[in-house]
Amino acid sequence: MMSVTTQEISEIVDWLAQYGYQGEDQGMIRLLYTPEWLAAQNALKERFEQAGMTTEFDAVGNLKGTFVGSDPAAGAVASGSHVDTVVNGGKLDGALGIEAAFLAMKDLVATHGQPKKSLSVVSMAEEEGSRFPYVFWGSKSLFDLEDSSQMANVQDNDGVKFVDAMRSCGFDFREGHNTLMDGVTNWLEFHIEQGNTLEMEGKQVGIVHGIVGQRRYDIRLVGEANHAGTTMMRYRHDVVEAYARIVSQSIAKAKAEGDPLVLTFGKVEVKPNVVNVVPGEMTFTMDCRHTDKDFLVRFSDGIVSDMRAICKEMGIEIEVDNWMDEDPVPMDDDMTAVIQKACQDCGLNALDMHSGAGHDSQIIAKHIPSGMIFVPSIKGVSHNPAEATKVEDIKEGIDALEAALYALAY
Ligand code: HGY
Ligand code: MN
Ligand code: MN
């Protein structure tokens, strides 16, 4: 067993990356319901079928490929991740989880024949929230949790409506129960760590015991656009000054709290964004994460009230939209034990750790016993064209994935 080769890994990573790769500097852009997204899903479907899998799309565009098991009553073991990327991301975030599951399952069937439980690889439609302000659209749809009423008027930065983009790819809102994950008894997600802990600790794989909670916000400030030359400083309602005070004060508070709290102001748009105009309006985002739910709520609520106080003092209006609020989620103990034994059997030195990144598994784990395997990210870099993992590390991780899938499905 364990004969997935580094050549197979390199080939499939570059093969799937062709759908949305923008070159070395721009990296990957494969956003939900874009032509490159659809091409990737259809190419995966074809590749799954060529390998002897049955395939199925659900209403919104989640794809599943299955090696059918000998005992239909025994259910299925599923593994996979999300096919969408961030803007200017890497080739591995999400995609590698789909590729690793496919290669591991294909090798298991080639080595051991038909499994008792079916083996299913899932290519989730969307996880990042990079095109539309909604995350986990794919995994939430699997469990009838997606809120389609929230999407009716949602559009991307170019004004393309979510509904139109979805229907242009031949998909639509779900009607009734989503059956794609019916009968799945165990879930495993293989993912790059996206941090530098494994590299710093000299470990080959990470066994994830829990995923952080995260809260994401869109914030809008309205001050007063004015002449940069004639408006004295004391008469200004300058939204960028307010933003600068908010960000520096909030980041200082986050640093004072220390790990594992993280706080990010990742996106900012200023209007009119002109050199000689005092900025009158702006929107920006905030992303706050922690492993402890109560602390996350307390800290992030505190930051929002600080924002309001600064804006009140400066005579600036503020609107806060907390559009994402996901709890920290533990992985299943039995699944973690299966992964630990698989790593031991493969002679890998594993690290028990939490995930600072959000993953589909934090949605799936609430419905199906779930576990995650991490492989190291070189220099901890991710969400960046330079995102990379040594192919030998990926192979060792897939060995552990394969051993875990064998223990669960044969
Ligand atoms: O943002 C995240 O944590 C994930 O990569 N979507
Ligand atoms: Mn990501
Ligand atoms: Mn991811």
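In this predicted model, Asp93 bridges two manganese ions, ligand 3 and ligand 2, which lie 3.5 Å apart. The manganese ion written as ligand 3 takes its donors from His82 (NE2), Asp93 (OD) and His191 (NE2), at 2.1 to 2.3 Å. Along the sequence, the donor residues of this ion (ligand 3) follow the spacing H-x10-D-x97-H.

Asp93 also belongs to the residues around ligand 1. The others in that shell are Glu127, Glu128, Gln214, Arg216, Arg289, Ala357, Gly358 and His383. Sorted by class, the shell of ligand 1 holds five charged, three polar and one nonpolar residue. Two domains contribute to this shell: domain 1 (6-212 + 328-409) and domain 2 (213-326) each supply at least three residues.

Side-chain polar contacts of ligand 1 include those with Glu128, Arg289 and His383. The table gives the atom of ligand 1 in each pair and its distance to an N or O atom of the side chain.

| Side chain | Atom of ligand 1 | Distance |
|---|---|---|
| Glu128 | nitrogen | 2.8 Å |
| Arg289 | oxygen | 2.5 Å |
| His383 | oxygen | 3.0 Å |

Taken alone, ligand 1 exposes 210 Å², and the protein buries 94% of that area. The space that ligand 1 takes up is the second largest pocket.

Asp93 thus appears in both settings: in the shell around ligand 1 and as the bridge between the manganese ions, ligand 3 and ligand 2.

Technical notes:
Residues numbered from 1 in each chain as written. Chains lettered and ligands numbered in written order. Predicted model: local features only at pLDDT ≥ 70, side-chain atom pairs only at ≥ 80, totals over all residues. Heavy atoms only, no water. Near = heavy atom within 4 Å. Polar contact = N/O pair within 3.5 Å; in protein donor to acceptor, adjacent residues only side chain to side chain. Areas by Shrake-Rupley, 256 points an atom, 1.4 Å probe, with all protein chains shown as cover. 1 Å grid on protein atoms, 1.4 Å probe; cavity = no way out; pocket = protein on both sides within 12 Å on 5 of 7 lines; lining within 4 Å. Sits in = over half its atoms within 2 Å of the grid points. Nonpolar A, V, L, I, M, F, W, Y, C, P; charged D, E, K, R; others polar. Domains from an automatic or database assignment. Donors = N, O, S within 2.8 Å, 3.2 Å for Na, K, Ca; no water.
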